[in-house]
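Reader: I've got a few "how do you know that" questions about this one. Can we go through them with the cut-offs on the table?

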Amino acid sequence: MILPVAELFEPYVASALVRLGYLYPGARFVPVANGIEITADGADHGVLAREVQYALYREKIYAETLPLRQSLIDAVTHR
Amino acid sequence: MNVWPLRFRAIDNDRRFFADDAGGYFVSDEAFLDRYARGALSGSDQGFLSRSGHAFARSGDLAHTSFAWRWTARQSVQERLSYVILVPTLRCNLACTYCQVSRAAEGAQGYDWSAATLEDVLAFLDGLDTNEIKIEFQGGEPLLRIDLLDAVRRYCRQRFARATFVVCTNLQRFGVEEIAFFDSSDTFISTSLDGRIADHDRRRTQDRGQAQEFFANLSDAIGRFGADRVSALPTIDLDDPPNFDSLIETYESFGLKSIYLRPINYQGFARRRQPRANDLARWNDFYQRFIEHLIRRNFETGQVVEEFYFSHCLGRVLRPGQDGHVDLRNPNLPATDYLVVDFDGKLYPSDEARMLARIGHVDLSIGNVRGGLDRRKAAALVPSAINNFDPDCVHCAYQPYCGSDPIDDVSRYGRVDLPRADTWFCGRHLAIFDQVVRLIYSHDEKDQFSLRAWAGLSTWPASLAPVHG
């Protein structure tokens, strides 16, 4: 199946696929023109699609909030 | 408005659990998650996040500063060495099938501290920069060298303003000398109790007479010193698990209200029994069913028994600063506030590290009592002792409540850089925190009865189970 990826999540596809690759070694996740192609024998593709979506969410949240985390640590360590 | 990073986890088909880095949490739905991830929060979302401490307007405002305080309180600070595990002898008068420490036979030579080692240990303790000390005597069976225990205790009492002592003993010996040693309010007993006499016999003593002797000694110890000064825990063999009720009843019969279920640790002699591929799933299933059983039983009897580790994990979700248990905290920097001195004077960052060295798996010793701590070697374990920016933990909603255990990773997998999700530590704690969260959000009065008691609360306010949307 192919999971469509909204444009605002496209910058996070590469990092999400790295993580998905080791979390689900029995599945294949391949970036294609209009999304991510998911291949997995005997797996619930609906569940996997949700995990791919969540991986994209997580990578976007992580990247966008990293400056907040850095500023927090700076604040509590008086840097 | 700035929203602090939120991590999320599905707790069922409809509900998503969200937590920030300071441990603040709430439950919402998939629609909120989608709005949050897309940067399309509604006014209602923003209002909730702001009111609930998950957001701030500008750096340095009250919301920002209070979040920084809560985040800091979630980090375990280990300032000075004040908890030392001492192994005065490796000899033991039992030969339990799943002994975790590769103990030596009772009559063996060369497995006790020498007089010189005792002197070195006392000098090492003297050099500690603390006025308070907790000494835990491990073994082997430490009571085989009660003279060494007494020498350490006498020294610590005069050296430190406050000193407490825990003797981890099989309580097979409990005569005049042992009773006199324990007859002191600063000295505590920790022992193993695997269930009824027949269970304890089968798993530990393999001698009904010895098992009966232990039960009599435990009863005597509690009768003399009270249940507050005696703790016990069972080691659970998944191939021969105890009946839940008989295990709980046995503990209750001694007045013990806290049970700490511990799986066999595949170290020491126990390594001869190979773990199975599905041990983690079996353990999680066993553990979850035990907690559910306890909840039903507590409600029916009105008497509360806890599983220590579950209560501890619950406490770590509900409040910061629950860092007293060294197996679960973050960071968990090696050899900072506690370490182990083995029978030969070598120093280890934990008891498990000592076991790994004993079986020749890997030498994780970090110095010795004479030469002192090898800080360079101890520092090698530091990167794995912090979970905040682990590539998996950084996405995990339970990170603020969890920890890390690089020694366990080395023991099981020979390395510390596995994906967290593939480790026993992660799989075990995900399951525990999933169950904690389900119970926190349960409206079942049976669940709330135990939860209140385990958390030390008289009521279970709705504020402990915040929901948005």
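Reader: What makes residues of helix 11 (residues 308–318) of chain B count as buried, and which ones are they?

Author: A residue is called buried if 20 or more other C-beta atoms, placed from the backbone, lie within 10 Å of its own; 12 or fewer makes it exposed, and anything in between partly exposed. In helix 11 of chain B, B:Tyr309, B:Phe310, B:Ser311, B:Cys313, B:Leu314, B:Arg316 and B:Val317 are the buried ones. This is a predicted model, where local features need pLDDT of at least 70, side-chain atom pairs count only at 80 or more, and totals for chains, interfaces and linings use all residues. Residues are numbered from 1 along each chain as written, with chains lettered from A and ligands numbered from 1 in written order.

Reader: What covers those buried residues of helix 11?

Author: The cover includes helix 10 (279–301), strand 16 (306–307), helix 15 (424–440) and helix 16 (445–455) of chain B.

Reader: Why is chain A called more spread out than a compact globule?

Author: The globule rule (2.2 Å times the number of residues to the power 0.38, against a radius of gyration over C-alpha atoms) gives 12 Å for 79 residues; chain A has 15 Å, well over that, so it is more spread out. Its C-alpha trace spans about 50 × 25 × 15 Å along the principal axes, and buried residues make up 22% of the chain.

Reader: How many residues of chains A and B are in contact?

Author: Contact means C-beta atoms, placed from the backbone, within 7 Å. By that test, 15 residues of chain B touch 15 of chain A.

Conventions:
Two residues are in contact if their C-beta atoms, placed from the backbone, lie within 7 Å. Helices (H or I, at least four residues) and strands (E, at least two) are DSSP runs, numbered from the N terminus.
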